[in-house]
Amino acid sequence: MASDDDSFSTYVDMLRAFHTRRFAAARESIEQENRAVPPTPPLETPTASPPPRETDLADERNQSLLNSLRSAALTHEETETCLRSLTNVMTSSEEEDDALFQEVISNLDGSKLQRMASLLTSNNDHHFLEIARNKNGSIRLHKLLGQSDDADTFFVASLLRHFLHVMTDRHAAYLATQGMRVFSHEKKMAMRDQILQHAIHLARDQYGCNALNAIISGVVFDYCRNDLHDVVAFNAPLLSSDAYGNHVVRHVLKQNNLRRTYDIAVRLRGHYIELSFTRYGSRVVEKLLEREETRPLVVAELLECGRDKLGRLATSVYGNFVVETSLKVTPEDLFRALVNKLKPFLPQLRRSTYGTNIAKILESIR
């Protein structure tokens with residue numbers, strides 16, 4: 001039979017073996033976990049560095065342009081670079097470029113503005129015309145006009161050198177007419193002479209006629225307007241049948257100047273029937289029928305024309321409006337004579353596509 005000492009020793013040995021196995025299992029588990037998780041890299045000490053410096057590009061472009069405009073000695077390449085940059089800024093639709101342009105011109109005195117004008121009109125006015133023909137460019141160029149008489153000398157010289165090309169361009173014509181508001185008297189008169197010399201050509205052009213109409217209706221153009229009225233009145237027969245010229249004639253009539261209206265009416269005598277057959281001329285004749293002072297001249301010519309011609313006029317696509325208007329506005333003494341001359345054509349007017357309104361007027365008269 002085992003003694004108590006032997007039993008105790010056996011118990012201690014068993015306890016040691018248990019703890020040994022438990023410690024080994026725990027160590028194996030920790031080693032497996034360490035193998036599954038990658039080791040954390042050592043922390044690096046950050047190196048202090050300043051943030052990148054921000055560059056104000058607008059300020060740089062501004063200063064570059066100003067330096068170029070202020071410099072009296074630029075190479076050919078530097079001049080072209082400056083002009084190209086200035087042209088891009090003046091024709092740009094970007095708000096930042098408009099702000100840059102405003103900033104640049106606000107820093108220019110009279111001599112620097114004169115230099116800008118000299119640069120822009122160099123090289124046969126290439127850059128000036130490119131800017132003037134651009135919508136944004138013409139508006140920004142206009143802001144330079146009238147600021148310096150010396151600078152205006154360059155601008156006016158360029159406008160006069162290319163007068164017809166400028167005045168028949170949509171945006172450049174706007175620049176020229178706006179400039180005529182602010183130029184000195186001498187320069188205004190130089191522009192006026194060209195306007196009068198080329199008035200007929202301009203009146204028959206899509207954009208030239210708009211420029212003339214602006215001058216005709218603008219009080220500020222008094223130094224030019226009356227003479228222009230005379231030119232338009234004298235050439236009324238030619239202009240009245242033109243697609244654009246008729247607008248200029250009617251614009252003069254719209255000013256309600258009795259003398260000018262009567263001048264046009266007298267110049268058109270003998271042409272009323274011919275004009276009434278045409279799309280544009282009929283509008284001018286109708287305009288004269290609206291005025292009490294010139295109405296009898298038109299009606300008298302209607303009464304003087306042959307019966308067949310009056311019948312054809314009353315049933316024509318444009319002439320029917322002239323005859324109808326005449327019946328509506330003619331005074332009593334001439335009205336009866338006109339009705340009597342038209343009544344033989346009543347059956348023809350009833351059948352006509354364009355004469356039905358005239359037929360209704362004639363039928364309403366007892």
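1. Contact here means heavy atoms within 4.5 Å. With that in hand, start at Phe 335. Setting aside neighbours within four places in sequence, Phe 335 is in contact with Leu 327, Thr 330 and Ile 365. Phe 335 sits in helix α23, which spans residues 332-342. Its relative accessible area is 13%, so Phe 335 is buried, the cut-off being under 20%. Val 299 is 36 residues away from Phe 335 in sequence, with 8.8 Å between the two C-alpha atoms.

2. Now the overall picture. This is a predicted model. The chain has 25 helices and 0 strands. It has 366 residues, and 41% of them count as buried. Take the contacts between residues at least 6 apart in sequence: 71% of these join residues at least 24 apart.

3. One annotated stretch deserves a look. UniProt, in an unreviewed entry, lists residues 267-304 as "repeat: Pumilio". In the model, residues 267-304 are 71% helix and 0% strand. The C-alpha atoms at the two ends of this stretch are 17 Å apart. Arg 267 also takes part in a charge-over-ring arrangement. Its charged end sits over the ring of Phe 234, 4.4 Å from the ring centre.

4. Next, the aromatic pairs. How many does a search of the whole structure find? It finds 2. In one, the ring centres of Phe 128 and Phe 155 are 5.7 Å apart and the planes meet at 25°, so this pair is stacked. Phe 128 belongs to helix α6 (residues 122-132) and Phe 155 to helix α8 (residues 149-161), so the pair ties together parts 27 residues apart in sequence. Both rings belong to buried residues: Phe 128 has a relative accessibility of 1%, and Phe 155 has 0%.

5. Phe 221 and Tyr 223 also form an aromatic pair. Their rings are 6.5 Å apart, centre to centre, with 50° between the planes, and the pair is tilted. Phe 221 is buried at 0% relative accessibility. Tyr 223 counts as buried too, at 18%.

6. Cysteines come next. Are Cys 209 and Cys 224 buried or exposed? Cys 209 has a relative accessible area of 3%, so it is buried. Cys 224 is buried as well, with a value of 0%. A disulfide is a covalent bond between the sulfur atoms of two cysteines. The model has 0 disulfides, counting pairs of cysteine sulfur atoms within 2.5 Å.

7. Helix α16 runs over residues 245-254. Why call it largely enclosed by the rest of the structure? Because 7 of its 10 residues are buried. They are Gly 245, Asn 246, Val 248, Val 249, His 251, Val 252 and Leu 253. The cover over these residues includes α12 (199-203), α13 (208-217), α14 (222-234), α15 (236-240), α17 (258-267) and α19 (279-289).

8. Helix α7 covers residues 135-142. Its buried residues are Gly 137, Ser 138, Arg 140 and Leu 141. Among the elements that cover them are α3 (76-91), α4, α5 (110-120), α6, α8 and α10 (170-182). At the start of α7, a side-chain oxygen of Asn 134 comes to within 2.9 Å of the backbone nitrogen of Asn 136.

9. Asp 97 is a buried acidic residue to check. It is placed in helix α4, residues 95-106. Its relative accessible area is 8%, so Asp 97 is buried. Its side chain makes a polar contact of 2.6 Å with the side chain of Ser 92.

10. Finally, two backbone angles. Most residues other than glycine have a negative phi. Asn 124 has a positive phi, near 60°. This residue lies in helix α6. Asn 124 is exposed, with a relative accessible area of 62%. Asn 256 also has a positive phi, about 55°, although it is not a glycine. Asn 256 follows α16 and lies in the loop between α16 and α17. At a relative accessible area of 54%, Asn 256 is exposed.

Key: Residues are numbered from 1 along each chain as its sequence is written. This is a predicted model: local features need pLDDT of at least 70, side-chain atom pairs count only at pLDDT 80 or more; totals for chains, interfaces and linings use all residues. Side-chain values use heavy atoms; hydrogens and water are left out. UniProt positions are given in the numbering used here, feature names are shortened, and annotations may be inferred rather than shown by experiment. Helices (H or I, at least four residues) and strands (E, at least two) are DSSP runs, numbered from the N terminus. Buried means under 20% relative accessible area, exposed over 50%, partly exposed in between (1.4 Å probe, protein chains only). A polar contact is a pair of N or O atoms within 3.5 Å; within protein, one must be able to donate a hydrogen and the other to accept it, and residues adjacent in sequence count only if both atoms are side-chain atoms. Rings of Phe, Tyr and Trp (its six-membered ring) pair if their centres lie within 6.5 Å; planes under 30 degrees apart count as stacked, over 60 as edge-to-face and the rest as tilted. A charge sits over a ring if NZ of Lys or CZ of Arg is within 6 Å of the ring centre and within 35 degrees of the ring normal.
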